[in-house]
Amino acid sequence: MDAPDAHRSRRPHPRRSAPPPPARLALRPPTFPPGPVCGAWWPHSDDLAVELPALAEAFALKKVRVTRIASHRDTWSATPHAVPVPGHTVQAAWLVSGCDPHTIRLFSHNFRRWDLLVVPHDTADTAAARLMTAASDRTNRLTASALVAAERRLLPRSDTAD
């Protein structure tokens, strides 16, 4: 009979993390002329490496392969130059001027582009719902920052994100 070996370490079972939640995305129907934003995305955190795969997957379900993104450098906690998503890697460009800090620009392999309002991840549910509805309204002509500013004026300070 073998005695247990006190020096042998047991390998812990690998933790299986829950799949990431689906992207909270609202897209406006195609219109002409297009508005300043094509819809809104409400990420669960400010970590693009964690959030982008779900957004890319939401576009993949629409038969769109996101290949590049551009965003304001101050929007995210980290600014990687490449973000792995299921099946490929998305290249990222980080801008400090000429880019709305509340927007992410997505590019596809066929040179299509989507400018999405990025609802701050810590926005209250009701405020986020209004922002997503406004950004995806085909009659919207406001920029992402103008939509966020209008929402901040609408609610008491404690109900909106900074």
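Let's start inside the protein, with Phe 59: its relative accessibility is just 1%, so Phe 59 counts as buried. Keep in mind that this is a predicted model.

Phe 59 has an aromatic partner. Its ring and that of Trp 114 have centres 5.3 Å apart and planes at 65°, so the two sit edge-to-face. In sequence the partners are 55 residues apart: Phe 59 belongs to helix H1 (residues 48-60), while Trp 114 belongs to strand S7 (residues 113-118), and the pair links these distant parts of the chain. Trp 114 is also tucked away; at 8% relative accessibility it falls under the 20% cut-off, so it counts as buried.

How many aromatic pairs are there by this rule? The count is 2. Beside the Phe 59 pair there is one made by Trp 41 and Trp 76, whose ring centres are 5.6 Å apart with planes at 35°, so this pair is tilted. Trp 41 is in strand S2 (residues 39-41) and Trp 76 is in the loop between strands S3 (66-72) and S4 (82-85), so the pair ties together parts of the chain 35 residues apart. Are Trp 41 and Trp 76 buried or exposed? Both are buried.

Here are the ring pairs next to each other:

| Pair | Centre distance | Plane angle | Geometry |
|---|---|---|---|
| Phe 59 and Trp 114 | 5.3 Å | 65° | edge-to-face |
| Trp 41 and Trp 76 | 5.6 Å | 35° | tilted |

Rings also come together with arginines here. Arg 24 lies over the face of Trp 42, at 3.6 Å from the ring centre. Arg 68 does likewise with Phe 107, over the ring face and 4.3 Å from its centre.

Now for a polar spot. Thr 123 is in the loop between S7 and helix H2 (125-135). With 7% relative accessibility, Thr 123 counts as buried. Its side chain reaches the backbone oxygen of Pro 120 at 2.7 Å.

Stepping back to the whole chain, what does the fold contain? There are 3 helices and 7 strands, and from the N terminus on they run β-β-α-β-β-β-β-β-α-α. Of the 162 residues, 39% are buried. The chain exposes about 10,300 Å², with carbon and sulfur atoms supplying 56% of that. As for who touches whom, take the contacts between residues at least 6 apart in sequence: 62% of them join residues at least 24 apart.

Methods
Residues numbered from 1 in each chain as written. Predicted model: local features only at pLDDT ≥ 70, side-chain atom pairs only at ≥ 80, totals over all residues. Heavy atoms only, no water. Phe/Tyr/Trp six-rings, centres within 6.5 Å; stacked < 30°, edge-to-face > 60°. Helix = DSSP H or I, 4+ residues; strand = E, 2+ residues; numbered from the N terminus. Buried < 20%, exposed > 50% of the residue type's maximum accessible area, 1.4 Å probe, protein only. Lys NZ or Arg CZ within 6 Å of the ring centre and 35° of its normal. Contact = heavy atoms within 4.5 Å. Areas by Shrake-Rupley, 256 points an atom, 1.4 Å probe, with all protein chains shown as cover. Polar contact = N/O pair within 3.5 Å; in protein donor to acceptor, adjacent residues only side chain to side chain.
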